[in-house]
Amino acid sequence: MDSFVFCGFNLDAWITIVTVLSMFSVLLFTKLRADIVFLGAIAVLYVTGVLDAKEATSGFSALSVIVVGVLFIVVAGLTYTGVLQWIVKHLLGQPESYSKAVVRLMVPVAALSSFLSNTTVVTLFVGIVKIWSKKLDIAPSKLLIPLSYASGMGGVCTLIGTPPNLIISGLYADTTGQQMNILATAVPGMFCLFVGILSVIAMRRLLPDRKVPESAFESTSEYTVEMQVPSDNPYIGQTLGEAGLFTVKGGSLLEVYHFDEVPSPVTEEEYIIGGDHLVYAGEIGEILELQHTHGLVSADHHVFSLSEIDRNRHLRTAYVTFGSPLIGTTIGESHFERNYNMTLVAVARRGERISEPPRQVVLQAGDTLLLDCPPRVSVDTGQLESMLHFFENDQLPNISFKTLLSSCIMLAMVVLSALGVMPLLQCAILAAGAMIAFKCCTPQQAMKSINGEILAVFAGSVVLGLAIQKTGIAERMAFGILDVCGSNPIVVMAAICLVGTFITEFISNTAAGAMFFPIMYHAAEQLGYEPYPFLIALMISVSSSFATPIGSPTHMLVYGPGGYRFSDFIRIGLPMNFIILAANILIVNIVFPLKPLL
């Protein structure tokens, strides 16, 4: 293979180039899982002899990958003790202007994302922001893009905040034998965050004003509600008009069921019989008052007495998940309500109420349900989660002493690592053990929190970077960049960061970090400078994807709820890319002055 050389690359290098390009194409144009794609790329590099067995499996024993796996358990402890809920509850408030709302939102999101999974934080905040924006009379589309941007910019502020930081710092430790401080990117990251917040406020006119498809559901209005007349109801024998049930505040009566027969049309003269089902449309909150004013009950099954009603029950909203066994069925024909002690109150689809009785609606993926629920769900929540995704999930433990305890464990991990008392992996292992020992999360919850798909992608990224470095691609590309940009280190740093920023708009930022690490490292060495500042700039640049919704998983989380179009991200994201790039290069060269190699 060494005898074959084309355009300066040998056969191993060309196999690697083709494999990498093929992998990125598959990730971009297909829906194959990322872990399968990365593992397939590793298999190709191993089978073709580019990497030996030890090199092909080195990613699974890499320090950065193990750290990520252990950190999943630490995050589980924070999640199950309600830390995120406490922060949301106490930090958002009621700002007086859009500018203050952006600051109130982006700062805590960035702070959380510095230590927790960006997707976890954004998933929590999407529902909150949509409700919050309604209170502030601001379109959610004006706040959801800033939400996603904040999670990305906050993640770069620590080594554990975003995958590329862990990958790049891990590769740096493997190459030099020196560990980066957990807060190495804190000052540059916070400066870029500050610039980013000001930029969002200044460019707020570039943010779209979109109508959210699910807006009708969030206000719990314009839905059908099915109520039942219990057998001891005092209005039995009266007409609908006499009982005041024909015209009600906030709604109108659509249908009445007598022994499964529907009278048509519904009139005020219709007599009320025990067991009747009344179907109303209108304001949910007002119609449900009929439970108290007229003794009606939810229509999940025949209720004979008001004493059977649990006054502690409350309404919760949920979406039918993709792949849910409820798809294609009706609640009326299933045992869902009895099995989970929940009652379907209303159904909406794409923000519009369904005119049919709720329990007769054939459910589709994405349908939003309003459910009357008990204070606690006493069944297997794992099975329930496969059917529905609940917002404002009250199944998480209430805020208690463990909320403070888990926060202290996480802070102790960060401080011990930042001060160099012990390496990050040891700190993470101790923190994960403490979370389980003090019952911040159960062993089952801890194991369930470890995301195998993400770990496989991390491991694949490490192997990919090794192949790029081993075959000489990194060195060759570094020389090519130097030929174009000259010997000015700041120009070279900016050029590689610019390419990295735009590459990560289309591929995983983890993959971009692994691919550009050897290029940036070799470029710095060829210029005769310490690679450390160059790599700090690279960490920020490969996590600065603002211009496409596919550039970050968090962008995709807000894309649908915000009612966005692809062009919405381009309009504000392209200027943001250049602004953050300039801020990145400026602050890195101030905080970490370039030093010649000894």
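In which helix is the place of Ile590? In this predicted model, Ile590 sits in helix α26, and that helix returns in more than one of the views below.

**View 1. A nonpolar patch on the surface, shared by α10 and α26.**
Let's start with Ile590 and its companions. Val187, Met190, Leu586, Ile590 and Val591 make a nonpolar surface patch of about 450 Å². Helix α10 (186-202) and helix α26 (566-591) each contribute at least two residues to this patch. Which helix gives the largest share of the nonpolar patch? That is α26, with three residues. Ile590 itself counts as exposed because its relative accessible area is 54%, and exposed stands for values over 50%.

**View 2. A salt bridge between Asp568 and Arg571 within α26.**
Staying with helix α26, we find Asp568 and Arg571 three residues apart, about one turn of the helix. The closest N and O atoms of this salt bridge are 3.1 Å apart. Is Asp568 buried or exposed? Asp568 is buried, with a relative accessible area of 0%. Its partner Arg571 is partly exposed, at a relative accessible area of 36%.

**View 3. A salt bridge between Lys470 and Glu55.**
How many salt bridges does a search of the whole structure find? The search gives two, and here is the pair formed by Lys470 and Glu55, whose closest N and O atoms lie 2.8 Å apart. This pair links distant parts of the chain: Lys470 belongs to helix α20 (residues 452-470) and Glu55 to helix α3 (residues 53-56), with their positions 415 residues apart. Lys470 is partly exposed, its relative accessible area being 43%.

**View 4. The crossing of helices α6 and α8.**
A pair of packed helices can be described by the angle between the axes and the distance between them. For helix α6 (residues 98-113) and helix α8 (residues 141-155), the axes come within 8 Å and cross at roughly 35°. Is the crossing of α6 and α8 left-handed or right-handed? It is right-handed.

**View 5. Residues that meet where α6 and α8 come together.**
Moving in on the side chains and backbone of this pair, the α6 side includes Tyr98, Val102, Leu105 and Met106, along with Val109, Ala110 and Ser113. Facing them from α8 are residues including Lys142, Leu143, Pro146, Leu147 and Tyr149. Further along α8, Ala150, Ser151, Met153, Gly154 and Gly155 are also among the residues that α6 meets.

Terms used
Residues numbered from 1 in each chain as written. Predicted model: local features only at pLDDT ≥ 70, side-chain atom pairs only at ≥ 80, totals over all residues. Heavy atoms only, no water. Patch = residues over 30% accessible without salt bridge, like charges linked within 9 Å, V, L, I, M, F, W, Y side chains within 5 Å. Areas by Shrake-Rupley, 256 points an atom, 1.4 Å probe, with all protein chains shown as cover. Salt bridge = Lys/Arg side-chain N within 4 Å of Asp/Glu carboxyl O. Helix = DSSP H or I, 4+ residues; strand = E, 2+ residues; numbered from the N terminus. Buried < 20%, exposed > 50% of the residue type's maximum accessible area, 1.4 Å probe, protein only. Axes fitted to C-alpha atoms, helices over the stretch in contact; angles between N-to-C directions. Left-handed = near helix turned anticlockwise from the far one by under 90°. Contact = heavy atoms within 4.5 Å.
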